[in-house]
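I'm opening a fresh page for this one. Below are my notes, in the order I looked things up.

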2 protein chains.
Amino acid sequence: MTTLITGWVAVDHIETPFAAAEDVLGGSATAAALAAALFTDVRLLAAVGEDFPDEHRRAFEPFPIDLAGLTMVKGGKTSRWHGRYHYDLNSRDTLETVLGVNDGWAPELPAGWETSEAAFLAATDPEVQQELMRRLPPASITMVDTIKFYIDTAREGFLKAMSAANFVSINESEARELAGTPSIARAGRKLLEGGAGGVIVKLGEFGAAFVSANDYFVAPGYPLEEVVDPTGAGDAFAGGFIGYLDSVAEVTPREIRRAIVYGSTVASFQVEGFGPSRLLRLTREEVEERYRQFRGLTHYEVDG
Amino acid sequence: MTTLITGWVAVDHIETPFAAAEDVLGGSATAAALAAALFTDVRLLAAVGEDFPDEHRRAFEPFPIDLAGLTMVKGGKTSRWHGRYHYDLNSRDTLETVLGVNDGWAPELPAGWETSEAAFLAATDPEVQQELMRRLPPASITMVDTIKFYIDTAREGFLKAMSAANFVSINESEARELAGTPSIARAGRKLLEGGAGGVIVKLGEFGAAFVSANDYFVAPGYPLEEVVDPTGAGDAFAGGFIGYLDSVAEVTPREIRRAIVYGSTVASFQVEGFGPSRLLRLTREEVEERYRQFRGLTHYEVDG
């Protein structure tokens, strides 16, 4: 079982009301790849520039992550993001985004990678997402994500990407915008009509909701007493979700619910440190322990 | 079993992006009393003015709600609130608040009401909340709520009221402010240290979290496709919670979890109409059906 992860590998400058960190390994594909690697073998497809620090590349090496697709673009600059979180850590301002090598990058699949059984295509040009999905086996499990920028500039393209994917994961505010309704439940259903097999609406610290034709499931956020840096939580969720699904014998509604809780679990670790620092030392045993605690958070007996 | 409910009975003018309603029966005590009355006998302690419409008073009559404490203040004006919700229906602007008869009102318990086995004291002057709790039997189940105004102007008083109560219910943003931390989990724990037996942090459409010395429980929001008017959801939650607890033989951790789901269930009905219109025609059978659906929303098997 192998999961293809594509998106940004970047260098971040992150400020919270309590601390700050510069030159942190970041990007959607970084968090998603490290999360998925807890469950399955990963292939990382992303572009970096000549300035990409060697220590950041080495950070991936202890994990089952194939770096043949981590492409260094000659003369290019690594993407950078500088953000500042507000007091509640739920909202943030982007102070600067440097697209760098991701500006118009058309990734090429390394030889053999078109066999990947699962794929998470983080926010990028929806045409690229569609093209990559066309290269994968029809039976592969695919998930796409996006950001407001692509909803505003490439809405039709993303709707097409979504209809070609098994799952879409999307932030609450973006789901409302894309579906044109303030109701999360209705937004989920409207996006389903677009053709995705299942819609995951990410609710930030409040967890995630999953909507499919036959199911509605809600996983709460894990009650962390200290959030260090929320960056990458949604991507860690997506990576944990797809990585777990890639590891099971059959994708059933029951396994999908478990995958959502595994995704939420990994996301709750992601925010415990700046950038991917917590995922870099996270064990599967820790994941399993918190996964079991999750059930205790929401379980109740209906009667008796 | 009898539950005392005190707070505002008011007349509201509500605007959402989709509709508006004027002269609607409103106020924290209205929603809480109607919610509690689904489970137990209610005593409603609140002040209205001479202008309080007779049809609004009659709205309570079909329910097991004793109106002996619904006090008409001679020459007084009924409290009024005018609010406008933003697109996501999660946030709102208060356009006008008329305190009217609630400005400095010191409620007097009607004869015999000091026997109430349970009480919800919605947001009001914390001195009033403390005084009312002193009048109740030591074994009564009490819950207090508050708003930002009292945290800002009577913080110490509310902390005292909280320490005298079995439960406190409080909005997420107010919990963060009162506890001085952005973490909901940590805010819950800090407020517990103040002496309440259990802290309920209301998460709006994302449900509610319950924190006690030995428990942490999260109930998601019910996935409504159409929210008409979010006003009073938190009070309906509180009324359903306390009314259910008043109806059980013993307040155990298991019953508290159920009470939170019952509270969430009633709150999900409250928002389906303007003001209390949905609660006015809600049956216990409808509550039970949605209560069972709630479990399906969050349940998953850990293994196998």
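**Chain A, overall**

I started with contacts: among those in chain A between residues at least 6 apart in sequence, 66% join residues at least 24 apart. Two residues count as in contact if their C-beta atoms, placed from the backbone, lie within 7 Å. A note to self on where this comes from: it is a predicted model, where local features need pLDDT of at least 70, side-chain atom pairs count only at pLDDT 80 or more, and totals for chains, interfaces and linings use all residues. Residues are numbered from 1 along each chain as its sequence is written, while chains are lettered from A and ligands numbered from 1 in the order in which they are written.

Next I looked up the secondary structure, and chain A has 10 helices and 14 strands. These are DSSP runs numbered from the N terminus (helices are H or I with at least four residues, strands are E with at least two).

Then the dimensions. The C-alpha atoms of chain A fit a box of roughly 65 × 45 × 35 Å along the principal axes. The radius of gyration of chain A is 18 Å, which agrees with the value near 19 Å for a compact globule of 304 residues. That radius is taken over C-alpha atoms, and the globule rule is 2.2 Å times the number of residues to the power 0.38.

I also checked burial: 52% of the 304 residues in chain A are buried. The cut-offs are 20 or more other C-beta atoms within 10 Å of a residue's own for buried, 12 or fewer for exposed, and partly exposed in between, with C-beta atoms placed from the backbone.

**A sheet in chain A**

I traced an open sheet of 4 strands in chain A, in the order β3-β2-β7-β8 with mixed pairing. Its edges are β3 (20-26) and β8 (92-98) of chain A; each has a single partner strand, so one side of each is left without a neighbour in the sheet. Two strands pair if DSSP finds at least two bridges between them. β2 (residues 10-15) of chain A runs antiparallel to β3(A), with 5 bridges. Looking at β3(A), I found A:A20 opposite A:E15.

**Residue A:L203**

Where does A:L203 sit? I found A:L203 in the loop between β12 (198-202) and β13 (208-212) of chain A. A:L203 is buried, as 24 other C-beta atoms lie within 10 Å. Leaving out residues up to four places away in sequence, A:L203 touches A:E172, A:A208, A:A209 and, from the other chain, B:F206. I also looked up A:G221, which is 18 residues from A:L203 along the chain; their C-alpha atoms are 8.2 Å apart.

**The two chains together**

I superposed chain B on chain A: a rotation of 180° with 0.0 Å of shift along its axis does it, at RMSD 0.0 Å. The two copies are thus related as by a two-fold rotation axis. The fit is by least squares on the C-alpha atoms of residues with pLDDT of at least 70 in both.

How many residues of each chain are in contact with the other? I noted 32 of chain B and 33 of chain A. On the chain B side, the elements giving two or more residues are α7 (184-193), β14 (216-219), α9 (253-270) and α10 (284-298). That side has 19 nonpolar, 2 polar and 11 charged residues. For the classes, Ala, Val, Leu, Ile, Met, Phe, Trp, Tyr, Cys and Pro count as nonpolar, Asp, Glu, Lys and Arg as charged, and the others, Gly among them, as polar.
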